[in-house]
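Me: Please pick one part of this model and take me through it slowly, along with whatever sits around it. I'm new to this, so spell out the terms as you go.

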Amino acid sequence: MSFSAETKDELARIEEKKRCCNVAELAALVRMDGTLQISNQIYALNVTTESAPVARKVYRLAKNLLGLPVDIMVRRKLRLKKNNSYMVKIYPRVLSDFQELGLIDEEGEILPGIPNFLVKKKCDRIAYLRGAFLAGGSINNPEGTYHLEIITNDALHADALCLLLNRFQLGAKVSLRKNWHVVYIKESEHIVKFLALIGAHRALLEFENVRVLKDMRNQVNRLVNCETANLNKTVDAAVRQVENIQKVANTIGLQALPDPIREIAELRLEYPDASLKELGEMLNPKVGKSGVNHRLRKIDELADKLEERHKQVGRGG
């Protein structure tokens, strides 16, 4: 089972005690996955999902809250080993039976977005977001990239969901993917906050465990890369210094150098792998890293001058 499916399975088992919260959650579920069917003047609200736990939740909420006849059907998909599809059918006596869910107004017109009366209280807003995620949400395995999204085919509903998420400072945004409107959250801290908000505590712990391990691995990799880069830089500098010392020795001889410069040059030739600190401690009296670096830089400058002089002589010849 995927991380997303495990998260939904956990959320589908949550049972709210307040009627207002249950109404808000059911309203989100039917708004996301429901279609209104009219056949021979008989109305039915069909809610379709590929998640058995979600289908059971829709069935339970619809039966307990609305007191209407409810059926559940299973469509088995044999081709390509696809998941089964579950359809919960809710039969109203009259269309006004759906007014409590914010689907229609008093005139029987379909209400757009998220009606305010459904999400007046904080607990209702949380319940609505849980229902929306159960119906159209997904979350990447935290081993990969951090990404949580809720997909809807209704632009107004997507914008309303985004606003509702951002009332909890979750950094949600909306994008268009083909004909679908995707409400998404990218930052791991915001995803963690969202999981905690809607009650996915087991998924939250797993997400956090993986995130901590990933952060530790990334930090170790950064430290190793930094150490490797510093080591390469040190080795390159030492090779350059040895080459320049040999160039000076072959041109004017090390004896021509001032004693402090000559001493560090001889030490570098004898200990090509030593660090600046180690070279400085071999001197008498000892010299710090900056002092050693200053002397070696003098040798580099002298070698550059000798090289330039050699080129000038060659051009003159």
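Reply: Two strands pair if DSSP finds at least two bridges between them, and strands themselves are DSSP runs (E, at least two residues; helices are H or I, at least four), numbered from the N terminus. This is a predicted model, where local features need pLDDT of at least 70 and side-chain atom pairs count only at pLDDT 80 or more, while totals for chains, interfaces and linings use all residues. Residues are numbered from 1 along each chain as its sequence is written, and side-chain values use heavy atoms, leaving out hydrogens and water.

Let's go with strand β6, residues 148–152. Four of its five residues are buried (under 20% relative accessible area with a 1.4 Å probe, protein chains only; over 50% is exposed, in between is partly exposed), so the rest of the structure largely encloses β6.

Now for its partners. Strand β5 (residues 137–139) pairs with β6 in the antiparallel sense, over three bridges. Find Ser-138 and you'll see that its bridge partner in β6 is Glu-149. β6 also pairs with strand β8 (residues 180–185), again antiparallel, this time over five bridges. There, Ile-150 stands opposite Val-183 of β8.

Next, the aromatic rings. Rings of Phe, Tyr and Trp (its six-membered ring) pair if their centres lie within 6.5 Å; planes under 30 degrees apart are stacked, over 60 edge-to-face, and the rest tilted. Searching the whole structure turns up three aromatic pairs. In one of them, Phe-133 and Phe-194 have ring centres 5.9 Å apart and planes at 65°, so that pair is edge-to-face. It links distant parts of the chain, with Phe-133 in helix α4 (residues 122–136) and Phe-194 in helix α6 (residues 188–198), 61 residues apart. Phe-133 is buried, at 0% relative accessible area, and Phe-194 is buried at 0% too.

Another pair brings us back towards our strand: the ring centres of Tyr-146 and Phe-207 are 5.5 Å apart with planes at 45°, so this one is tilted. Tyr-146 belongs to the loop between β5 and β6, while Phe-207 is in helix α7 (residues 201–251), 61 residues apart, so to speak of distant parts of the chain is fair. Tyr-146 counts as buried at 19% relative accessibility, and Phe-207 is buried at 1%. Ring pairs also bring in Phe-3, giving a cluster of Phe-3, Tyr-146 and Phe-207.
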